[in-house]
Amino acid sequence: KHARRGTVMLYEIARSAAAEQHSEIIMASTIREALDRQRLTLCAQPIAPAANTGSVDHYEVLVRMQDDRGEPVMPAAFIPAAERYGLMLQIDCWVVDEILLRRAHQVAGAGFHFSLNISAEALGDSGFQRHLIEMLEHTPIPTRRIGFEITETAMVNQMDRASEFVASLRQMGCKVALDDFGNGLSSFSYLKAFAIDFIKIDGSFVREMESNVVDPIIVESIHQVAHRLGARTIAEYVESASVAALLHSIGVDFVQGYHIGPPLPLEQLLYVGTQLENSGRMELG
Ligand code: C2E
Ligand code: MG
Ligand code: MG
Ligand code: MG
């Protein structure tokens, strides 16, 4: 009886693992199709100075996908499959080309600072590295207005190849941020290995900052380390005015989250940016 029950359990586990694998295979082909048929889109989410959450000139670019029925698919649903099937490189390439090449004049005209996420796969790929450097050399967008967000996990996997590349991005004038800081492995060794411009404090320490006694201590400590190393801090997942105020009182430099603003379609933002620039020109003229 016991043996049978055990067998059933093993079967259940095997079946759910197989089902998961199957759905990842389907997701991978949805991603390939989306890449082929231009069914990726971009959103941008504001990052505001903690001292004045009303003034925004910095946005994080976030990718979105549509499935074959035109339904939106969020990164949480497709990035695991993209990572497993080696598709993150193509996704990041598409994002880079979209911002630095295809929409570059619009992006340059809007005058904002944009940060792009780079996956571990792309970060360690020498073809991607060359491509990105070349794009940066030719884009009409000033490189000081372009930033890259790299997760600790990306750094772990690609430490050697990443460090030189990160240094060359900074030499070209781009800003580099360590994303989701505190949520990965041995965060501090990255601070030792790379000079960076921003540390993004992982949302898991921010979201419940008011009700949790440990979170504010962690946030403050990360902030102090960052400042002593000459980097500035950005807190993610800022969902209320009171958390934004608490972060400001700790000294955190920038805030990002639903309280400041959700990710919006990039076209919408570029349209507003272009309108602003035109009206500015008209006033000057
Ligand atoms: P991330 O880089 O840490 O981006 C922040 C994520 O948190 C975004 O999710 C954003 O929509 C979400 N978020 C922002 N504010 C709040 C808030 O107040 N509360 C909560 N609960 N969530 C908030 P999204 O767009 O679904 O992206 C998820 C992750 O996927 C990103 O995390 C990033 O690691 C990855 N990703 C997104 N776009 C790209 C891309 O173009 N390339 C690469 N390599 N990764 C990307
Ligand atoms: Mg990010
Ligand atoms: Mg993040
Ligand atoms: Mg995060």
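1. Buried here means under 20% relative accessible area. Asp179 has 5% relative accessibility, so this residue counts as buried. The model is predicted, and every value below should be read with that in mind.

2. Start with the metal site. Asp179 (OD), Asp180 (OD) and Glu236 (OE) coordinate the magnesium ion (ligand 3), at 1.7 to 2.2 Å. Along the sequence, these donor residues follow the spacing D-D-x55-E. Asp179 sits in strand β6 (residues 175-181), while Glu236 sits in the loop between β8 (232-235) and α10 (241-250), so the pair ties together parts that are 57 residues apart in sequence. Glu236 is also buried, because its relative accessible area is 9%.

3. There is a second ion to consider. The magnesium ion (ligand 2) lies 3.8 Å from the magnesium ion (ligand 3). Which residue coordinates both? Asp179 does.

4. Asp92 deserves a look. Its place is in helix α3 (residues 88-102). Asp92 is buried, yet has no salt bridge. The nearest side chain of opposite charge belongs to Arg64, 11 Å away. A salt bridge would need a side-chain nitrogen of Lys or Arg within 4 Å of a carboxyl oxygen, so Arg64 does not qualify. Beyond residues up to four places away in sequence, Asp92 touches Asn117, Ile118, Ser119, Ala122 and Phe128.

5. Now the nonpolar interior. The largest nonpolar core has 79 residues. Ile31, Ile99, Leu100, Phe114, Leu132, Phe148 and Leu247 have the most contacts inside this core. Helix α3 gives the largest share, eight residues. Another core, of five residues, lies apart from the largest one; its members include Ile47, Ala177, Ile234 and Phe254.

6. Take Ile31 as one of the well-connected core residues. Setting aside neighbours within four places in sequence, Ile31 contacts Met65, Phe78, Ala81, Ala82, Leu87 and Ile91.

7. How many aromatic pairs does the whole structure hold? A search finds five. In one of them, the rings of Phe181 and Phe188 have centres 6.2 Å apart and planes at 90°, so the pair is edge-to-face. The two residues differ in exposure: Phe181 is buried at 2% relative accessibility, whereas Phe188 is exposed at 55%.

8. Ring pairs also join Tyr59, Phe112 and Phe114 into a cluster. Phe114 appears in the core list too, among the residues with the most contacts inside the largest nonpolar core.

Methods:
Residues numbered from 1 in each chain as written. Chains lettered and ligands numbered in written order. Predicted model: local features only at pLDDT ≥ 70, side-chain atom pairs only at ≥ 80, totals over all residues. Heavy atoms only, no water. Donors = N, O, S within 2.8 Å, 3.2 Å for Na, K, Ca; no water. Helix = DSSP H or I, 4+ residues; strand = E, 2+ residues; numbered from the N terminus. Buried < 20%, exposed > 50% of the residue type's maximum accessible area, 1.4 Å probe, protein only. Lys, Arg positive; Asp, Glu negative; His and termini not counted. Contact = heavy atoms within 4.5 Å. Core = buried A, V, L, I, M, F, W, Y, C linked by side-chain atoms within 4.5 Å. Phe/Tyr/Trp six-rings, centres within 6.5 Å; stacked < 30°, edge-to-face > 60°.
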